[in-house]
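Got the viewer open and a free hand on the mouse? Let's take a walk through this one, stop by stop.

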Amino acid sequence: MTDPIADYLTRLRNAQKSGHRVVEIPSSGVKREMTKILFDKGYILNYKLESDTPGGNIKVALKYDRETKVGAIKNLTRVSRPGLRKYVGAGELPRVLNGLGIAILSTSKGVITDKEARQLNVGGEYICSIY
């Protein structure tokens with residue numbers, strides 16, 4: 001697998017499009033941090049780490065609207081990829097959907113959202129955007 005983060009995002013996207021309640025994803029440190037951010041921001045219902053080691057799995061419970069059965073995640077876009085890395089400085093941090101969505105960045109302070117990066121005044125690799 002050449003891009004495990006793209007695989008992570010694709011598994012979430014495909015599971016939600018097909019109406020699955022739970023999706024199982026191979027674990028890594030960055031994926032765990034991204035899952036934690038998605039849970040804190042309300043894009044997923046819950047998650048469970050099968051094992052604390054990177055070789056384990058992450059079980060993610062997807063979130064849907066009760067009446068319309070529409071998923072909480074409308075769009076999941078991979079920005080930086082292995083063939084073309086995208087880095088942003090502290091002054092040029094992206095605003096996703098005019099602040100309604102989130103951008104996930106890998107910085108020297110860890111994997112954080114664009115709003116947290118603005119508060120800490122740090123830039124980094126622009127991993128993905130979600131709304």
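What follows is a tour of a predicted model, with something to select at each stop.

**Stop one: helix 1**

Start by selecting residues 4-17, which make up helix 1. This helix has 14 residues, and from its first C-alpha to its last it reaches 20 Å, close to the 20 Å expected at 1.5 Å a residue. Now pick out its buried residues: Ile5, Asp7, Tyr8, Leu9, Leu12, Ala15 and Gln16. Here is a handy thing to keep in mind as you turn the view: an α-helix has 3.6 residues a turn, so residues three or four places apart point the same way.

What do the buried residues of helix 1 pack against? Show strand 1, helix 2, strand 3, strand 4 (76-78) and strand 8, and you have the partners. Before moving on, click Gly19, just after helix 1, where phi is positive at about 80 degrees.

**Stop two: Leu12**

Go back into helix 1 and select Leu12. Is Leu12 buried or exposed? Its relative accessible area is 1%, so Leu12 is buried, the cut-off being under 20%. Leaving out neighbours within four places in sequence, show the residues Leu12 is in contact with: Val23, Ile25, Leu38, Val60, Leu62 and Leu76. For a sense of scale, draw a line from the C-alpha of Leu12 to that of Leu105: the two are 93 residues apart along the chain and separated by 18 Å.

**Stop three: the cores**

Widen the selection around Leu12. The largest nonpolar core holds 24 residues, and Leu12, Met34, Val60, Ile104 and Ile130 are the ones that touch the most other members. Color helix 1, strand 1 (22-26), helix 2 (29-40), strand 3 (57-62), strand 6 (102-107) and strand 8 (124-130), since each supplies at least two residues of this core. Helix 1 gives the most, with five residues. There is also a second, separate core of nine residues; to find it, select Val96, Ile112, Val122 and Tyr126, which are among its members.

**Stop four: the largest pocket**

Switch on a surface and look for the largest pocket, with a volume of about 150 Å³. Which residues line the largest pocket? Select Arg21, Leu45, Ala61, Leu62, Lys63, Tyr64, Asp65, Arg66 and Lys69. Color them by class and you should get four nonpolar, no polar and five charged residues. Leu62 may ring a bell, as one of the contacts of Leu12.

**Stop five: two loops**

Next, find the loop between strand 5 (87-88) and strand 6, and select Ala90 there. Ala90 is partly exposed, with a relative accessible area of 31%. The C-alpha atoms of Ala90 and Ala117 are separated by 7.3 Å, although the two are 27 residues apart along the chain. Not counting residues up to four places away in sequence, Ala90 touches Asn121, Val122 and Gly123.

Stay in the loop between strand 5 and strand 6 and click Leu97. Phi of Leu97 is near 55 degrees, a positive value in a residue other than glycine. Leu97 is partly exposed, at 45% relative accessible area.

For the final pick, follow the contact from Ala90 to Asn121. Where does Asn121 lie? Look in the loop between helix 3 (114-120) and strand 8. Asn121 is not a glycine, yet it has a positive phi of about 55 degrees. With 57% relative accessibility, Asn121 counts as exposed.

How values were computed: Residues numbered from 1 in each chain as written. Predicted model: local features only at pLDDT ≥ 70, side-chain atom pairs only at ≥ 80, totals over all residues. Heavy atoms only, no water. Core = buried A, V, L, I, M, F, W, Y, C linked by side-chain atoms within 4.5 Å. Buried < 20%, exposed > 50% of the residue type's maximum accessible area, 1.4 Å probe, protein only. Helix = DSSP H or I, 4+ residues; strand = E, 2+ residues; numbered from the N terminus. Contact = heavy atoms within 4.5 Å. 1 Å grid on protein atoms, 1.4 Å probe; cavity = no way out; pocket = protein on both sides within 12 Å on 5 of 7 lines; lining within 4 Å. Points joined across faces, edges and corners; volume = space filled by probe spheres on them. Nonpolar A, V, L, I, M, F, W, Y, C, P; charged D, E, K, R; others polar. Expected span 1.5 Å × (residues − 1).
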